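Colleague: Got a minute to walk me through this one? I'd like the fold, the core and a few single residues.

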Amino acid sequence: MSAFAGTLRLARVHLRRDRLLLATLIAAFVATTALTAVSLEDLYPTSADRERAAETFAQDPAIAAIGGQPRNLVTLGGLVAFEVGVTYSAFVGLMSLLLVGRYTRGEEEAGRTELILAGAVGRRAPTAAALVVVAAADLAVGLGVALALVALGLPAAGSLSLGAWFAGNGILFAGLAALTAQLSRSKRAA
């Protein structure tokens, strides 16, 4: 039997059990990003308004410390990426960490992993299933953000870049969570 036997079956179980939670999280990331873009367009309707905002942001070292060095804020896409990029990517990473912990150590602490492994399931299938589900959720967030921003009229390249940033960050943190889940004794420690 393969070490990954039953991975897709376990992934379907996770998806079925948490379909409402996952859909809510994905929709929340997409909606808040789109609403932020709309609100920034209303707040800074002209390029002159955006230039004044860029000057203000560039002069404040606290803003640079939190969101990074402001770049290309004279465009609406650059302003949206600056406003949501770091914060939302951290939230996507946190979502990934918590979900992988739930699907790995959480299942093990509840005693379900031992029951699953007693059947025709490979040894690595529970961790692989967790990574499949969380990576799919991260990709859905990234694709949803990109499509929402393109639908609002922002450039496709920048929208896809922001979506890829969110998805890549989430997948990175999912991998780190899977690693820490293997090295720790409890869900809390992971």
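Modeller: Sure. A term to start with: contact means heavy atoms within 4.5 Å. By that rule, among contacts between residues at least 6 apart in sequence, 79% join residues at least 24 apart. Keep in mind that this is a predicted model.

Colleague: OK. How many helices and strands does the protein have?

Modeller: Eight helices and zero strands. From the N terminus on, the order is α-α-α-α-α-α-α-α.

Colleague: And what does the C-alpha trace span along its principal axes?

Modeller: About 65 × 35 × 25 Å.

Colleague: What percentage of the 190 residues is buried?

Modeller: Buried residues come to 40%.

Colleague: Let's do the core. Which residues in the largest nonpolar core touch the most other members?

Modeller: V80, V141 and F166. That core has 42 residues. Two or more residues each come from α1 (7–17), α2 (19–43), α3 (47–59), α5 (76–110), α7 (125–151) and α8 (156–183).

Colleague: Which element gives the largest share?

Modeller: α5, with eleven residues.

Colleague: Take V141 then. What does V141 touch, not counting residues up to four places away in sequence?

Modeller: I26, F29, V30, V92, M95 and F166. V141 is also one of the α7 residues that meet α2.

Colleague: Good, I wanted that pair. At what angle do α2 and α7 pack?

Modeller: About 25 degrees, with the axes 9 Å apart. Angles under 35 degrees count as roughly parallel, and α2 and α7 are therefore roughly parallel to each other.

Colleague: Is the crossing right-handed or left-handed?

Modeller: Right-handed, as α2 passes α7.

Colleague: Which residues meet there?

Modeller: From α2 there are L22, I26, F29, V30, T33, A34 and A37. From α7 there are V133, A137, A140, V141, G144, V145, A148 and L149. By class, the contact of α2 with α7 has 13 nonpolar residues, two polar ones and no charged ones.

Colleague: New topic: serines. Where is S89, and is S89 buried or exposed?

Modeller: S89 sits in helix α5. With 6% relative accessibility, S89 counts as buried, because the cut-off for buried is under 20%.

Colleague: What is S89 in contact with, leaving aside neighbours within four places in sequence?

Modeller: The program's list for S89 is V84, W165, F166 and N169. F166 is one of the three core residues that touch the most other members.

Colleague: How far is S89 from P126, by C-alpha atoms?

Modeller: The separation is 26 Å. Along the chain, S89 and P126 are 37 residues apart.

Colleague: And S159, where is that one, buried or exposed?

Modeller: S159 is in helix α8. S159 is buried, at a relative accessible area of 2%. Beyond neighbours within four places in sequence, S159 is in contact with A146, L149, V150 and L154. L149 also takes part in the meeting of α2 and α7.

Colleague: Last one, F173. Where does F173 lie?

Modeller: In helix α8. F173 has 28% relative accessibility and counts as partly exposed, because partly exposed falls between the 20% and 50% cut-offs.

Colleague: What does F173 touch, not counting residues up to four places away in sequence?

Modeller: G93, S96 and L97.

Colleague: And how far is F173 from R112?

Modeller: Their C-alpha atoms are separated by 24 Å. The two residues are 61 residues apart along the chain.

How values were computed: Residues are numbered from 1 along each chain as its sequence is written. This is a predicted model: local features need pLDDT of at least 70, side-chain atom pairs count only at pLDDT 80 or more; totals for chains, interfaces and linings use all residues. Side-chain values use heavy atoms; hydrogens and water are left out. A nonpolar core is a set of buried Ala, Val, Leu, Ile, Met, Phe, Trp, Tyr and Cys residues joined through side-chain atoms within 4.5 Å. Buried means under 20% relative accessible area, exposed over 50%, partly exposed in between (1.4 Å probe, protein chains only). Helices (H or I, at least four residues) and strands (E, at least two) are DSSP runs, numbered from the N terminus. Axes are lines fitted to C-alpha atoms, for helices over the stretch in contact, and angles run from 0 to 180 degrees between N-to-C directions. Angles under 35 degrees count as roughly parallel, over 145 as roughly antiparallel, 65 to 115 as roughly perpendicular and the rest as oblique. A crossing is left-handed if the near helix is turned anticlockwise from the far one by less than a right angle, and right-handed if clockwise. Ala, Val, Leu, Ile, Met, Phe, Trp, Tyr, Cys and Pro count as nonpolar, Asp, Glu, Lys and Arg as charged, and the others, Gly among them, as polar.
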